[in-house]
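Let's take a walk through this fold together, starting with one small detail and working outwards. Keep the viewer open as you read.

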Amino acid sequence: MSHSYAKRTDAIAPFHVMAILAEAKQLEAQGQDIIHMEVGEPDFTTPSPITEAGIKSLEAGKTHYTPALGLAELRQAIANWYQHRYKVAISSERVVVTPGASGALLLVMGALLEKGKKVMLADPGYPCNKHFAKFVEGQVNSIAVDASSQYQLSAHHVENYWDADTSMALVASPSNPTGTVLTKAELIALANAVKSKSGHLVVDEIYHGLTYDGFDAPSALQVDDQAFVINSFSKFFGMTGWRLGWLIVPEGYTEVMDRLAQNLYLAAPTMSQYAALAAFQQNTLDILEQRRHLFEQRRNILLPLVKELGFKVPITPQGAFYLYADCSALLNDKTPDSMALSKHLLYQAGVAITPGLDFGQYQAEQHCRFAYTTDESRLIEAMERIRKVL
Ligand SMILES: Cc1ncc(COP(=O)(O)O)c(C=O)c1O
């Protein structure tokens, strides 16, 4: 039987790293030890106070739908978090609880991006953003970024590359795959530039909390109450599998998000929402701070080792758990691009990394991403294995 799919699915590409992952799984099935540095989620399990709160909610029979915008207590707890962490007063009315940042991206694209209009995105960037845009039949205004703008969109890009069809800009700070962070001054300049074009600014703050060197990433809400801010319990809070995130919308946008949420997914998972009520407790935050510290130590160990191997990392990433490395000095006839190099390292060294192609087009064949979502001793061993192979 032939299958026919809607045309819009043509634009939704799979992750290239899935091919690497599938091959890694095969090698593991044959008994090979693979060190996974391609995985974009914390290796730690969810902190126990959160898990216990989730279990308690199930035992108490809280197994029904919540309101589409989320549990009132959780929306309030998220609003309080902005007061506590960023010193900004957000009404809980502006908080939309979603199934992960992914759910928030879907709502934002669905509500803001008109068919045929463009969202400005940095290349390299989180691969799903362009696919969400295409899913709602929008387009992408892709901007090649490099170390000169910290791999981030800047006011300069908005001023120079915003065209008549562009209606919104989406940035992530800290970014995936580069881990770079926008400063308050950069956020202000970006917000003003987007405003001057009458566009919407969306800031994905999913890696907030995972910042290093004493640096605290500012929230866009500290500088612009018209920004749409996306966040998630996945990364800092260690809850990837619970599928829970949130979106802060400007005044007046709650109703449209409510309508979309009701229709697209009805509500975020109930158990996860009750569990997340424990995420902001001090005992949980203490655990998360220890983990943040471990990530910082891993970055400090990994970065010089990666550079010693011949990869270039021009900017020390201040956040997330990734190094985006230029591998051009390591390419040759046998491994002419980052995909070939990734496969070579998988087969010869038993180390899985992500080729740049997953994050865009710009210099993608000369870059790969290392995730330090595995413990220190394994990171050191991975670098030793790669050194032998190269
Ligand atoms: C920048 C960025 N945004 C959003 C997501 C989606 O995360 P989730 O749906 O688990 O919250 C990810 C996941 O890797 C990400 O890296």
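Which residue in strand 12 does tyrosine 322 stand opposite? The partner is alanine 371. Bear in mind that we're looking at a predicted model here.

That pair is a handy way into the neighbourhood of strand 12. Strand 9, which covers residues 322-326, pairs with strand 12 in the antiparallel sense, and 5 bridges hold the pairing. Strand 12 has another antiparallel partner in strand 11 (residues 354-355), this time over 2 bridges. If you want to find that second pairing on screen, look for threonine 354, whose bridge partner in strand 12 is arginine 369.

Now turn strand 12 around and look at its side chains. Strand 12 spans residues 367-371, and 5 of its 5 residues are buried. His367, Arg369 and Ala371 point one way, while Cys368 and Phe370 point the other way. So arginine 369, the bridge partner of threonine 354, counts as buried along with the rest, because the cut-off is 20 or more other C-beta atoms within 10 Å.

Next door in strand 11 sits proline 355. Is proline 355 buried or exposed? Proline 355 is buried, because 24 other C-beta atoms lie within 10 Å and 20 are enough to count. Setting aside neighbours within four places in sequence, proline 355 is in contact with His16, Ser338, Met339, Ser342 and Cys368. Histidine 367 is 12 residues away from proline 355 along the chain, yet their C-alpha atoms are separated by 6.5 Å.

Let's move on to strand 2, residues 95-98. Both of its faces are covered: Val95 and Val97 are buried on one side, and Val96 and Thr98 are buried on the other. Strand 2 runs antiparallel to strand 8 (residues 245-248), and 4 bridges join the two. Threonine 98 has glycine 245 of strand 8 opposite it.

From there, have a look at the ligand. There are 13 residues around it, and Gly100, Ala101, Ser102, Ser232 and Ser234 come nearest. Helix 4 gives the largest share of this shell, with 3 residues. Sorted by class, the shell has 8 polar, 4 nonpolar and 1 charged residues.

Helix 4 (100-112) turns up again when you look at helix 5, residues 128-135. Which residues of helix 5 are buried? They are Asn129, Lys130, Phe132, Ala133 and Lys134, so two lysines are in the list. The buried residues of helix 5 pack against helix 4, and also against strand 3 (118-123), strand 4 (139-144) and strand 5 (166-172). After helix 5 comes glutamate 137, with a positive phi near 65°.

Finally, zoom out to the whole chain. You'll find 12 helices and 12 strands, and 48% of the 390 residues count as buried. The C-alpha trace spans about 60 × 55 × 55 Å along its principal axes. A compact globule of 390 residues would have a radius of gyration near 21 Å, and the chain agrees, with 21 Å. Among contacts with a separation of 6 or more, 73% are between residues 24 or more positions apart.

As for what the records say, an unreviewed UniProt entry annotates residues 33-386 as "domain: Aminotransferase class I/classII large". That span is 38% helix and 15% strand, and its end C-alpha atoms lie 14 Å apart.

How values were computed: Residues numbered from 1 in each chain as written. Predicted model: local features only at pLDDT ≥ 70, side-chain atom pairs only at ≥ 80, totals over all residues. Buried ≥ 20, exposed ≤ 12 C-beta atoms within 10 Å, placed from the backbone. Contact = placed C-beta atoms within 7 Å. Rg over C-alpha atoms; globule rule 2.2 N^0.38 Å. Near = placed C-beta within 6 Å. Nonpolar A, V, L, I, M, F, W, Y, C, P; charged D, E, K, R; others polar. UniProt positions renumbered as here; feature names shortened; annotations may be inferred. Pairing = 2+ DSSP bridges.
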